[in-house]
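Please work through the exercises below with the sequence and the model side by side, and try each task before you read its solution.

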Amino acid sequence: MIKVVVSGAAGKMGKEMMKAIWDSADAKVVGAVDPFAEGVDIGSLMGIDATGILVRGNLKSALTELRPDVMVDFTTPSTVYSNICTAFDANVRPVVGTTGINEEQLETVKEMAAKSKTGCIIAPNFTIGALLLIKFAAEASKYFPNVEIIEMHHDGKIDAPSGTAIKTAEMIQKSRKELTGKETGKLEKIDGVRGGYFDEGLRIHSIRLPGMMAHQEVIFGGLGQTLTIRHDALSRDSYIPGLLLAINKVMELDKMVYGLENIIF
Ligand SMILES: NC(=O)c1ccc[n+]([C@@H]2O[C@H](COP(=O)([O-])OP(=O)(O)OC[C@H]3O[C@@H](n4cnc5c(N)ncnc54)[C@H](O)[C@@H]3O)[C@@H](O)[C@H]2O)c1
């Protein structure tokens, strides 16, 4: 059994992913951390009977005392990097779903993992459908270099654009060839109406609305035709298979892997 501590346990993702780990055959929850729910029994967060495991407020002491194999992190962009460092210090493998880690932090995490030979998985998206969307979009961009990304999320999401949209844009940027035609529509009568500029002919639009979960469209335009690739995560269950796979795989790694696609495909 892989022993897991869940960081961000009282959040929307933390609660549901903790329940999935609790129910899984290969891993078990030995602790939970969330400074905003300290002292709460994790059973009440998961919608089951009391478990006797109380949420802790401090990650460092939780990892040192409970000595888990893996820390699963679904916290906030401002917290996640320090949580990863704390996990490495305690010799615990991080499996990170939190988005918003910057390039410099990623590079440092990669170095820390390599130096300590500790497995680490950072996955901006755990849904296989979204990973396939990225793969297909990168392939399509070889033939349709003109493309825009529209990502749509629930109104509780803090960061924009989503980690998945950035990853999609990066993969398209790597694989597409020359743009056809000149970019138009640069005169914005309302600031930001053409979305965020990632690269020439590649803009990202972020929509935040109640009622939504996590959705993304990649629209390619060519001569007299468009191609749309779309993925919808309809419930948080869509993240479970990818997360459980990552918890198992991280036990075999001695370095950082960024992106679940590098494990699945
Ligand atoms: N990788 C994926 O597939 C995937 C899917 C959905 C969401 N996410 C990402 O997961 C993250 C969490 O999303 P959410 O919707 O659950 O957010 P949320 O705001 O509901 O939950 C975040 C939780 O983190 C807690 N927290 C804050 N600081 C902390 C700290 N220092 N230690 C421990 N806990 C701390 C908060 O109290 C809160 O309960 C976001 O970055 C989101 O983009 C990733």
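**Exercise 1: The helices α3 and α4**

Task: find out what the buried residues of α4 pack against, and on which side of α4 they lie.

Solution. The buried residues of helix α4 pack against β1, α3, β3, β4 and α5, where helices (H or I, at least four residues) and strands (E, at least two) are DSSP runs numbered from the N terminus. Contact here means that the C-beta atoms of two residues, placed from the backbone, lie within 7 Å. This is a predicted model, in which local features need pLDDT of at least 70 and side-chain atom pairs count only at pLDDT 80 or more, while totals for chains, interfaces and linings use all residues. Residues are numbered from 1 along each chain as its sequence is written.

The next step is to name the residues: Val 80, Asn 83, Ile 84, Thr 86 and Ala 87 are the buried ones of α4. They cover an arc of only 160° around the axis, which puts them on the same side of α4; the arc is that of the directions from the helix axis to the C-beta atoms. A residue counts as buried if 20 or more other C-beta atoms lie within 10 Å of its own, as exposed if 12 or fewer do, and as partly exposed in between, with C-beta atoms placed from the backbone. Just after α4 comes Asn 91, with a positive phi of about 65°.

Helix α3 (residues 59-66) can be treated in a similar way, and its buried residues are Leu 59, Ala 62 and Leu 63. Seen down the axis of α3, these buried residues fall within an arc of 95°, so they line one face of the helix. Their cover includes β1 (2-7), β2 (27-33), β3 (70-73) and α4 (80-89).

**Exercise 2: Two sheets**

Task: give the strand order and the pairing of the sheet of six strands and of the sheet of five strands.

Solution. Strands of a sheet pair through backbone hydrogen bonds, either parallel or antiparallel. The open sheet of six strands runs in the order β2-β1-β3-β4-β5-β11, and its pairing is parallel; two strands pair if DSSP finds at least two bridges between them. Its edge strands are β2 and β11 (256-258), each of which pairs on one side only. Within this sheet, β4 (residues 93-96) and β5 (residues 120-122) run parallel and are joined by two bridges, with Val 95 opposite Ile 121 in β5.

The other open sheet has five strands in the order β7-β8-β6-β9-β10, and here the pairing is mixed. Its edge strands are β7 (196-199) and β10 (225-233), each pairing on one side only. β7 and β8 pair in the antiparallel sense over three bridges, and Asp 199 stands opposite Leu 202 in β8.

**Exercise 3: Leu 202**

Task: is Leu 202 buried or exposed, and which residues is it in contact with?

Solution. Start with the place of Leu 202, which is found in strand β8 (residues 202-208). Leu 202 is buried, because 22 other C-beta atoms lie within 10 Å. Leaving aside its neighbours within four places in sequence, Leu 202 is in contact with Val 147, Ala 169, Ile 172 and Gln 173.

**Exercise 4: Around the ligand**

Task: how many residues surround the ligand, and of which classes are they?

Solution. The ligand is surrounded by 26 residues, the closest being Gly 8, Gly 11, Met 13, Phe 36 and Gly 97; a residue is near a molecule if its C-beta atom, placed from the backbone, lies within 6 Å of it. Helix α1 (residues 12-23) gives the largest share of this shell, three residues. By class, the shell has twelve nonpolar, twelve polar and two charged residues, where Ala, Val, Leu, Ile, Met, Phe, Trp, Tyr, Cys and Pro count as nonpolar, Asp, Glu, Lys and Arg as charged, and the others, Gly among them, as polar.
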